[in-house]
Amino acid sequence: MLNYNSNDLMDSKKLLEGVEKMNSFGPRYTGCAAHKKFIDYIKGEITSMGFEVNSDYKTFMRWEKKSASLTIHGANGDESIPISSAFPYSGKTGPDGVRGKLIEVHEKHIGFLPKAKDRICVVKVNNLSVPTVLVEDRRNSKPEGIDLPRRYGGPVLTTFANFPFLKIAKLSGAKAVICIWEGISDDCVEGQYLPFILDYQDMPAIWVNPTQGKKVLQATNNGDEATVVLDADIEEYCRTETFYSVIKGEENDKEAIIVNTHTDGVNCVEENGAVGLLSMMKYFKKHRPKRSMIFVFMTGHFRLPALKAPGAIQVTSRWLKDHPELWDGKLDHIKAVAGLTVEHLGCEEFTDNEGHNAYLKTNPIDFEMCYTGNEKLDEIYYEALEGRDNVRTVTYRGCNILHFGEGQPLFDVGIPTISLVPGPSYLCKVDEKNNCMDKFDVDLMASQIETFTKAAVIIDNTPSNELGVSDGYTFGITKKFKAPHINEIKSKLESLR
């Protein structure tokens, strides 16, 4: 029987205090003042428990919007058009903005349009969705039989897939770009801090919602001019901080379980995993683990191009590269036997009401998308879920080189993982009214933290040879081809010697 006491975790009230404290700093864009305050808060909570904090400092070029606006200059005078958000790390215009004639282009064809020179480009960005089978390889679910919708899409996928073109706009001599959301509701796109995976583009760009986009397209057809303002600060050498804390194992300090999350984000759910990890640390302060546990708080999830390791996708890759002594098991190094990744806690499901431009709550629990690194870790996850009622989880194996969230780098180096990464459409939404607290359930967050703490306890009591290594990715649509993990290949080669 699992020896576990949920009373030694933070209760919902304490977790809510932590989330509200996080919100009080403002959006935690990577390296900004609010982000630094949040980091200091989390570090202070850790040291107050009596644990040591170790920091890694990195520098990068930081961009931050100061003001953004759009004005159409038509035959009947000037009209201010509300924008839904600025395009992060796109560029800057200065406080006076840039003025030019509007021209509509297709984002994939802008490089072939010499008429874009000295113009402001207008680009329609259709909501992109793909068959879900391309991005997931389902293992299991609770309740049984549930799965993601047949097509996967939304703001994040749309912006990650559609934007190689701003630098082409720069080469074409354009002055600015206006991106119009299409096929998605006004409420959903409001405040979206997207995309965040590109390096600095040196081409100012803004977003407008579908309703305002109609006005922009009409002005374009009329041959009107517009002024785009995207005033921004650039800090060439901004310092930011990843930190970690080790709880040494009472019986075995040569093996470890890595628990990781990130600290940068824009609302109450994107980076609340850091508050969740504090709850887990509180528990393991009282119930010391047999193996060591390493709690890693990454910076740079919202500035991946600058802060991830070369060739990697997620920023935890940088910590793994910097600290092989804490996970790779070589020589006298610690061996990481498993990983737990905690992100996006307490998310409720909100969905567009097609055809009605409405963004509505459709389920009290957003799909708890969770990657499990192999069948044993999948089994452990469902064992940890036993007795929990407020659950809507589906587990997956990484496929087609896709494994969302900061658990991917652990999976990629062979560490078997359980990685919670719900992906609600408001995940990157800057909400100045209430930080998306109307879409957050603290009791759900508490249940998810309890599940992961239980999973950590089960892993801690499982022999490392039973935990194994991560399976590696599958490829294709049917998932019949199972690609062996590099560790499996090495093992087979060694057995032939």
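How many positive and negative side chains does the protein have, and how far apart do the centres of the two sets lie? In this predicted model, there are 59 positive and 69 negative side chains, and the centres of the two sets are 4 Å apart.

The secondary structure of the protein consists of 14 helices and 21 strands. The C-alpha trace spans about 75 × 50 × 45 Å along its principal axes. The radius of gyration is 23 Å, which agrees with the value near 23 Å that a compact globule of 497 residues would have. Of these 497 residues, 58% count as buried. The exposed area of the protein is about 20,800 Å², of which carbon and sulfur atoms supply 49%. Among contacts with a separation of 6 or more, 81% are accounted for by residues 24 or more positions apart.

Two helices were examined for length and burial. Helix H2 (residues 33-48) comprises 16 residues and reaches 22 Å from its first C-alpha to its last, close to the 22 Å expected at 1.5 Å a residue. Its buried residues are Ala-34, His-35, Phe-38, Ile-39, Tyr-41, Ile-42, Lys-43 and Ile-46. The cover over these buried residues includes helix H1 (12-24), strand E1 (54-74), strand E11 (225-247), H7 and strand E13 (291-298). After H2 comes Gly-50, with a positive phi near 95°.

Helix H7 (residues 273-286), which is part of the cover over H2, has 14 residues. At 1.5 Å a residue H7 should span 20 Å, and the distance of 20 Å between its end C-alpha atoms agrees. H7 is mostly covered, with 11 of its 14 residues buried. The buried set runs from Gly-273 through Ala-274, Val-275, Gly-276, Leu-277, Leu-278, Ser-279 and Met-280 to Met-281, and also contains Tyr-283 and Phe-284.

Val-130 is located in strand E6 (residues 129-131). Its relative accessible area is 19%, so Val-130 counts as buried, the cut-off being under 20%. Leaving aside residues up to four places away in sequence, Val-130 touches Val-135, Arg-150, Arg-151, Tyr-152 and Leu-157. Val-130 and Gly-153 are separated by 23 residues in sequence, and their C-alpha atoms are 6.4 Å apart in space.

Two cis peptide bonds that precede proline can be described. One joins Lys-142 and Pro-143, with omega about 0°. Pro-143 belongs to the loop between strand E7 (137-142) and strand E8 (151-153). Another cis peptide bond joins Leu-194 and Pro-195, with omega about -10°. Pro-195 is placed in the loop between helix H5 (186-189) and strand E10 (205-208).

The loop between H5 and E10 also holds Asp-202. Asp-202 is not a glycine, yet its phi is positive, about 55°. With a relative accessibility of 38%, Asp-202 counts as partly exposed. A positive phi, near 65°, is also found at Cys-436, likewise a residue other than glycine. Cys-436 is situated in the loop between strand E19 (417-420) and helix H12 (442-460). Its relative accessible area is 0%, and Cys-436 is therefore buried.

On the other side of H5 in sequence, Ser-185 lies in the loop between strand E9 (176-182) and H5. Ser-185 counts as buried because its relative accessibility is 2%. When residues up to four places away in sequence are not counted, Ser-185 touches Asp-352, Asn-357, Ala-358 and Tyr-359. Ser-185 and Lys-285 are 100 residues apart along the chain, and their C-alpha atoms are separated by 46 Å. Lys-285 falls within the range of H7 (residues 273-286).

Terms used
Residues numbered from 1 in each chain as written. Predicted model: local features only at pLDDT ≥ 70, side-chain atom pairs only at ≥ 80, totals over all residues. Heavy atoms only, no water. Helix = DSSP H or I, 4+ residues; strand = E, 2+ residues; numbered from the N terminus. Rg over C-alpha atoms; globule rule 2.2 N^0.38 Å. Buried < 20%, exposed > 50% of the residue type's maximum accessible area, 1.4 Å probe, protein only. Contact = heavy atoms within 4.5 Å. Areas by Shrake-Rupley, 256 points an atom, 1.4 Å probe, with all protein chains shown as cover. Lys, Arg positive; Asp, Glu negative; His and termini not counted. Charge placed at Lys NZ, Arg CZ, Asp CG, Glu CD. Expected span 1.5 Å × (residues − 1).
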